[in-house]
Amino acid sequence: MLRLEHTVTKLDGFTLRADLTVKPGRRLAILGASGSGKSTLLNLIAGFVLPDEGNVIIGGLDRSRASVADRPLSILFQDSNLFPHLSVFDNVALGLRSDLRLDGDQRACVSDSLAQVGMDGMESRLPGSLSGGQQSRVALARMLLRDKPLALMDEPFSALDPGLRREMLDLVAALCDRTKLTLVMVTHDLRDVSGLCTDLCLLENGRIVLQGPLDDILADPPALIRPWL
Amino acid sequence: MRHTIMATAFSLIAAAAAADTPVLSIYSYDSFVAEWGPGPQIEQAFEETCGCDVQFTGAGDGAALLARVRLEGTNSDADVVLGLDTNLMDAAMQSGLFAPHNVTVPELTLPVEWESETFLPYDWGYFAFVHNTDMQDVPGSFAELAESEARIVIQDPRSSTPGLGLLMWVEAAHGDEAGAIWSGLADNIVTVTPGWSEAYDLFLEGEADMVLSYTTSPAYHLIAEEDDSKAAAAFEEGHYLQIEVAGMLAGSDQPDLARAFLDFMLTERFQSIIPTTNWMYPAALPVDALPDGFDTLIMPERALLFDPATAAALRDDAVNTWLTALSR
Amino acid sequence: MADRAQPLTFQQGLGGCVAAGVALVLLGPLAAVALRAEEAARLTGADWAAIRFTVLQALLSAALSVGLAIPVARALARRVFPGRRLLVTLMGAPFILPVIVAVFGLLAVFGRNGWFSQALDLVGLPPIEIYGLHGVVLAHVFFNLPLAVRLFLQSWLAIPTERVRLASSLGFTARDIRRHFELPMLRATAPGAFLVIFLICTSSFAVALILGGGPRATTIELAIYQAFRFDFDLGRAAMLGAVQVGICAVAALLVLRFAIPRALGGSLDREPMQWEAFAGRGRFADGLIILLAALFLVLPLLALVGRGVDAMAGLPPSVWYAALRSLVLATASAALALALALPMAALMARRTRTGLELIGALSIAISPLVIGTGAFLILNPIANPVALALPITGLVNALMSLPFLLRALLPAIQQAEASQGRLADALGLKGVDRLRHAILPRIWPSLGFGAGLSAALSMGDLGVIALFSSPAQGTLPLEMYRLMGSYRTDDAQGAALLLLALSLALFWVFDRGGRLRATA
């Protein structure tokens with residue numbers, strides 16, 4: 001689904017080198033300390049930054065130079081996932097048509113995806129009147145609606161309290177199971193990963209120092225991963 | 001929306017109907033064409049007899065008017081240009097854009113002879129310093145003005161016709177002494193304005209004791225405002241004349257109408273509109289036909305005027321003399 | 001970061017095209033005038049004197065406006081008092097006043113017969129003399145102080161509350177505040193404010209001549225006027241026009257190396273609550289500064305009201321028609337200015353380009369007389385310029401207000417891009433949809449402020465209409481000049497007051513509209 005081939009990305013004196021493969025349906029957690037390059041890695045996949053060397057292959061095609069919108073993926077940011085002036089319904093509907101001119105079937109799809117995240121009945125509310133968890137659900141609904149094969153999440157739900165965060169991660173896991181979504185998620189907390197991700201990669205100073213199936217790594221934790229346990 | 005379409009349609013029809021009537025296009029200065037200026041009354045009066053549509057266009061003041069005509073060159077829509085003065089006449093002649101008027105000139109009431117075969121005068125006035133009647137020791141010459149404590153406002157000769165007129169006045173009255181006169185006046189001059197209106201406003205606001213204007217200015221206050229508190233100071237060396245003229249363009253597509261208008265310009269109908277709208281002396285109207293109030297104005301004993309060619313030749317040097325004296 | 005990854009989109013291409021078009025419309029007329037010239041021009045000694053005086057008075061005016069604006073803005077940022085909002089609005093008025101109106105307002109206060117001199121007379125002192133370089137600078141400060149105050153006030157209020165609270169919890173002294181908050185903020189804002197005011201003052205003409213007290217106060221703009229009108233020397237006019245553009249370019253390049261001012265037109269209504277912890281200090285000094293600034297800026301306006309109010313009811317009908325025409329023209333001109341500024345600002349928000357900044361600043365400095373005459377020369381062979389007088393005036397007015405509009409929009413768009421740009425990218429929002437969902441909702445206050453400023457400037461500007469007009473097309477400022485030119489001083493004062501009221505009302509309506517839209 002996703003392959004980074006010997007990519008080198010230079011930004012303001014920082015260099016990220018990455019070689020990475022994510023097979024369809026797998027869910028990769030990118031773990032690392034602040035400044036290790038995990039956000040840059042995500043931005044590289046998303047297309048917010050372009051590689052200086054190497055290729056970004058998504059869905060079998062070289063997308064190294066493609067703009068964000070032209071890549072078959074959805075993104076969930078840490079926050080600011082919703083436009084504050086648009087209703088819940090419109091925020092989700094933007095995922096289908098950016099001019100918001102939806103026909104009946106499309107409107108039904110929007111309502112359906114809202115129902116899937118448990119937000120039915122809230123269509124006309126504005127984001128400002130929702131709780132943090134509810135806002136995340138709306139953003140997830142849009143992700144479902146866009147129906148892109150690859151989902152990127154940048155420390156999702158980090159603003160939520162631990163209980164709510166767990167709930168949202170479980171919701172994501174359930175949605176991924178149902179839709180066979182491929183997921184790449186940045187986190188700095190290994191606890192977020194369990195029950196959701198299948199693979200792990202650890203970044204240090206702009207390099208991938210460890211990667212493999214999550215179960216294997218947790219079964220016999222190498223020294224590198226110990227501080228994160 | 002429908003109203004707009006209807007309105008457009010109507011105006012198109014009106015324009016089509018009007019196309020049968022010949023149009024006489026007259027360029028003049030802004031205050032002439034203004035609602036309260038002579039323009040509207042003259043337009044109405046001439047249209048009664050000419051079977052034409054008179055269209056006035058305003059272009060700043062006299063100097064701007066000439067610049068405008070020169071910019072348009074031979075493509076100009078104008079048939080008649082009304083509002084130049086003798087100081088601009090030479091440049092206007094040199095442009096080659098004007099045609100001889102071929103009008104039989106009636107008896108004129110100018111204080112000087114009129115000779116031009118291209119331009120015809122329609123009104124005139126004397127430049128003068130205007131003051132409030134309660135002013136003490138009103139100066140009677142440039143020398144007295146220079147010696148006095150009086151504060152005056154004048155116009156910049158580089159941007160204003162009266163300003164240039166004052167320069168010519170000093171040159172005509174004092175010739176080689178002009179530089180000395182200006183040096184003497186330097187400490188009396190409060191400021192120099194770009195045009196007549198700013199200067200006159202400053203005077204009315206009390207920023208100065210005197211302002212360069214016309215001997216006819218007090219008539220406005222007297223007749224229109226019933227205020228007799230303004231007067232013009234008579235200078236013993238005489239006063240410089242401003243004669244305002246009109247001419248027809250060689251490129252006019254209505255030469256007969258243009259000539260008819262110049263003819264009309266010197267009739268009583270046109271001339272009697274001038275005093276209380278343009279506040280100048282008409283060029284062909286006997287003194288006894290002037291409205292009440294004009295008899296109270298000072299009448300200089302000596303009229304000063306350079307012929308257009310001399311005025312044009314003197315201009316650059318006169319401006320430099322002025323600049324040098326006032327920049328010190 | 002995002003900068004690198006953005007390919008040139010349609011929207012940015014549009015921005016580039018608009019910028020190129022603006023440059024063409026501004027410089028084309030200059031070229032047209034130069035081409036029409038019959039002989040090559042040389043700059044005379046008098047021209048050099050005019051250039052020197054122009055630069056000198058502009059430097060002094062800009063320095064003084066910026067210098068005085070700092071304490072005024074600080075005082076306004078720190079104090080809460082009844083009428084503060086009204087005062088801030090009223091203090092903005094001089095900037096949008098027609099030049100000649102403002103000069104007479106100033107004279108009513110500082111002239112020989114003005115209130116100030118009358119007060120001096122009561123205590124036996126001679127009246128003050130306003131004419132001279134100091135008079136020119138005084139008038140320019142009167143015009144531009146409000147703009148500078150507004151720029152600084154904005155920056156003061158933009159300092160986050162949390163940081164101020166942090167400072168108070170750390171026991172910051174006045175010096176610490178200066179060092180950690182005020183100096184960095186001023187470094188970011190002051191050079192840009194200085195530049196804008198400098199450029200405005202370089203094209204000054206009537207103010208400089210009237211208050212300058214004589215031909216020593218000749219500016220480049222007057223020399224251009226003379227070249228056109230008296231000498232009909234188009235070569236010299238074009239040459240002087242080019243000198244103006246050159247001064248503008250040099251000044252802009254020098255200043256843009258330092259900084260770019262922040263938003264113009266964000267929330268000035270915001271109560272300055274965050275400074276409460278420091279409010280005890282300098283209360284008296286702040287009060288005095290606010291009082292003096294208010295007197296300086298508001299008294300001349302009051303004088304205009306006093307002079308014009310009696311005549312207003314009896315104004316001739318043509319003045320009312322002209323007022324209506326001016327309102328329509330100002331609104332259309334503001335709409336056009338917005339249509340030009342939005343794509344340009346959107347492009348500038350994503351890529352920093354000095355060329356764009358230059359184009360954005362150019363129209364403040366370029367002579368309206370050159371643009372008007374050039375436009376006339378270009379149009380005359382193809383169409384009747386008189387019939388196009390109003391559209392051309394609208395276009396030129398829009399261009400003249402463009403620099404202020406860009407200043408207002410650019411930072412707001414930058415903020416909108418920073419907070420919503422990535423989300424919009426991720427959703428593939430482009431062109432109109434991006435503008436509608438990601439940008440516009442975030443910039444309504446700046447948009448309203450910019451449109452209001454643009455409309456008010458257009459309303460008050462005599463502009464190029466004076467070169468083309470026919471009697472039936474006069475705008476309100478032109479009609480006011482016509483009244484002044486026919487001895488009708490009282491009516492002219494009434495028209496001036498009408499102009500002042502309408503300009504302020506236009507500004508208020510747009511500004512308010514933008515804010516209401518933002519909170520709706």
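**Figure 1. The largest nonpolar core of the predicted model.** The largest nonpolar core contains 352 residues. Those with the most contacts inside this core are Ile30(A), Val211(B), Ile197(C), Ala341(C), Ala345(C) and Leu409(C). Helix H18 (residues 389-426) of chain C provides the largest share of the core, 20 residues. At least three residues of this core come from each of domain 1 (2-124 + 242-291) and domain 2 (125-241 + 295-327) of chain B. The model shown here and in the other views is predicted.

**Figure 2. The surroundings of Val211(B).** Val211(B) is among the residues with the most contacts inside the largest nonpolar core. When residues up to four places away in sequence are not counted, Val211(B) touches Phe129(B), Val130(B), Ile152(B) and Val153(B), and also Ala199(B), Tyr200(B) and Phe203(B).

**Figure 3. The two domains of chain B.** Chain B is divided into domain 1 (2-124 + 242-291) and domain 2 (125-241 + 295-327). The C-alpha centres of domain 1 of chain B and domain 2 of chain B are 28 Å apart. Their contact takes 19 residues from domain 1 of chain B and 20 residues from domain 2 of chain B. On the side of domain 1 of chain B that touches domain 2 of chain B, the elements giving two or more residues are helix H4 (62-72), helix H5 (86-94) and strand S10 (239-249) of chain B. The largest share of that side, 5 residues, belongs to H5(B). By class, the residues of that side are 11 nonpolar, 5 polar and 3 charged.

**Figure 4. The contact between chain B and chain C.** Chain B contributes 42 residues to this contact and chain C contributes 44 residues. At least two residues of the side of chain B that touches chain C are supplied by each of helix H2 (30-33), strand S2 (53-58), H4, strand S7 (189-193), helix H9 (196-204) and helix H13 (308-327) of chain B. H4(B) gives the most to this side, with 6 residues. The side of chain B that touches chain C consists of 18 nonpolar, 13 polar and 11 charged residues.

**Figure 5. The contact between chain A and chain C.** In this contact, 20 residues are from chain A and 18 residues are from chain C. The side of chain A that touches chain C has 12 nonpolar, 7 polar and 1 charged residues.

**Figure 6. Helix H7 of chain C and the residue that follows.** Helix H7 (residues 115-122) of chain C lies largely in the open, because the number of buried residues among its 8 residues is 0. Gly124(C), just after H7(C), takes a positive phi of about 80°.

Technical notes: Residues numbered from 1 in each chain as written. Chains lettered and ligands numbered in written order. Predicted model: local features only at pLDDT ≥ 70, side-chain atom pairs only at ≥ 80, totals over all residues. Contact = placed C-beta atoms within 7 Å. Nonpolar A, V, L, I, M, F, W, Y, C, P; charged D, E, K, R; others polar. Buried ≥ 20, exposed ≤ 12 C-beta atoms within 10 Å, placed from the backbone. Helix = DSSP H or I, 4+ residues; strand = E, 2+ residues; numbered from the N terminus. Domains from an automatic or database assignment. Core = buried A, V, L, I, M, F, W, Y, C linked by C-beta atoms within 7 Å.
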